Amino acid sequence: MLLLRSGAVSALAGCLALAACSSWSLTPPPSPPAYDVRSATVVADQSVPPVSPTLLSAINERVNAAIAVTTRDTPLPKVALTIRLTDVRKGRSFNKDRNAAKINVDAASIDTGAVVAIASFDTSNFTPDPTAADDLMAEDIAARIRSIFALKAPPLVN
């Protein structure tokens, strides 16, 4: 009986090893397209309750500060970002501490005006302080946009 179990375990290990080897590829995955982001505009869809102007301006300041400190060594297609908040919910959950937002980002070519890239994501944070919710959400959204479009983080100000 013990011999049968060890044989089954060996067969299972062999199958797993073959499955892992079959997923290896000799060619690296293609790198995502890169853009030279020149400006960003933050807007909100009409929603109830309305999106706070403090949140919109905080996102705008953070993303445009990242654009200002980002330099590119090679010429890339120039784009302008439109960051659209489609849904913002604050003070959710039992403790009234969950804040969530849905964001759509369009990157439009500066030369032609055509949308060349889009991104959509959701973000959420938890804070019991409603006055800190806008700042936390703005930083979450800006960090995600910096990551997607390979922007540098601006230096911290003392």
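Me: Which residues of helix H2 are buried, and how should I read their placement around the axis?
Reply: An α-helix has 3.6 residues a turn, so residues three or four places apart point the same way. In H2 of this predicted model, the buried residues are Leu55, Leu56, Ala58, Ile59, Val63, Ala66 and Ile67, where buried means under 20% relative accessible area, exposed over 50%, and partly exposed in between, with a 1.4 Å probe and protein chains only. These residues lie on the same side of H2 because they cover an arc of only 170 degrees around the axis, the arc being that of the directions from the helix axis to the C-beta atoms. The face turned away from this buried side carries the exposed residues Pro53, Glu61 and Ala68.

Me: What conventions stand behind these statements?
Reply: Residues are numbered from 1 along each chain as its sequence is written, and side-chain values use heavy atoms, with hydrogens and water left out. Since the model is predicted, local features need pLDDT of at least 70 and side-chain atom pairs count only at pLDDT 80 or more, whereas totals for chains, interfaces and linings use all residues.

Me: How many residues does H2 have, and what span does it reach?
Reply: The expected span of a helix is 1.5 Å times one less than its number of residues. H2 covers residues 53–69, 17 residues in total, and reaches 25 Å from its first C-alpha to its last, close to the 24 Å expected. Helices (H or I, at least four residues) and strands (E, at least two) are DSSP runs, numbered from the N terminus.

Me: Which residue caps the N-terminal end of H2?
Reply: Serine 52 does so, with a side-chain oxygen 3.2 Å from the backbone nitrogen of threonine 54.

Me: Where does the largest share of the largest nonpolar core come from?
Reply: In soluble globular proteins, nonpolar side chains tend to be buried together. A nonpolar core is a set of buried Ala, Val, Leu, Ile, Met, Phe, Trp, Tyr and Cys residues joined through side-chain atoms within 4.5 Å. The largest one here has 31 residues, of which Leu81, Ile83, Leu85, Val105, Ile145 and Phe149 touch the most other members. Strand S1 (36–44), H2, strand S2 (78–92), S3, strand S4 (115–126) and helix H3 (130–148) each supply at least two residues of this core, and H2 gives the largest share, 7 residues.

Me: With which residues is leucine 85 in contact, leaving aside its neighbours within four places in sequence?
Reply: Contact means heavy atoms within 4.5 Å. On that basis, and leaving aside neighbours within four places in sequence, the partners of leucine 85 include Val42, Val43, Leu55, Leu56, Ile59 and Ile103.

Me: Is alanine 40 buried or exposed, and what lies across from it in space?
Reply: Alanine 40, which lies in strand S1, is buried, with a relative accessible area of 8%. Alanine 40 and isoleucine 83 are 43 residues apart in sequence and 7.1 Å apart in space, C-alpha to C-alpha. Beyond neighbours within four places in sequence, alanine 40 is in contact with Asn60, Val63, Asn64, Ile67, Leu81 and Ile83.

Me: In what sense do S3 and S4 pair?
Reply: Two strands pair if DSSP finds at least two bridges between them. S3 and S4 pair in the antiparallel sense over 11 bridges; among the facing residues, alanine 101 has threonine 123 of S4 as its bridge partner, and alanine 108 stands opposite valine 115. Their hairpin has 5 residues between the strands, and glycine 113 takes a positive phi near 85 degrees there.

Me: Are the asparagines 99 and 125 buried or exposed?
Reply: Asparagine 99, in strand S3 (residues 98–109), is buried at a relative accessible area of 3%, and asparagine 125, in strand S4, counts as buried at 7% relative accessibility. Leaving aside neighbours within four places in sequence, asparagine 99 is in contact with residues including Asn125, Ala133 and Met137, while asparagine 125 is in contact with Asp97, Arg98, Asn99, Ala133, Leu136, Met137 and Asp140.

Technical notes
A polar contact is a pair of N or O atoms within 3.5 Å; within protein, one must be able to donate a hydrogen and the other to accept it, and residues adjacent in sequence count only if both atoms are side-chain atoms.
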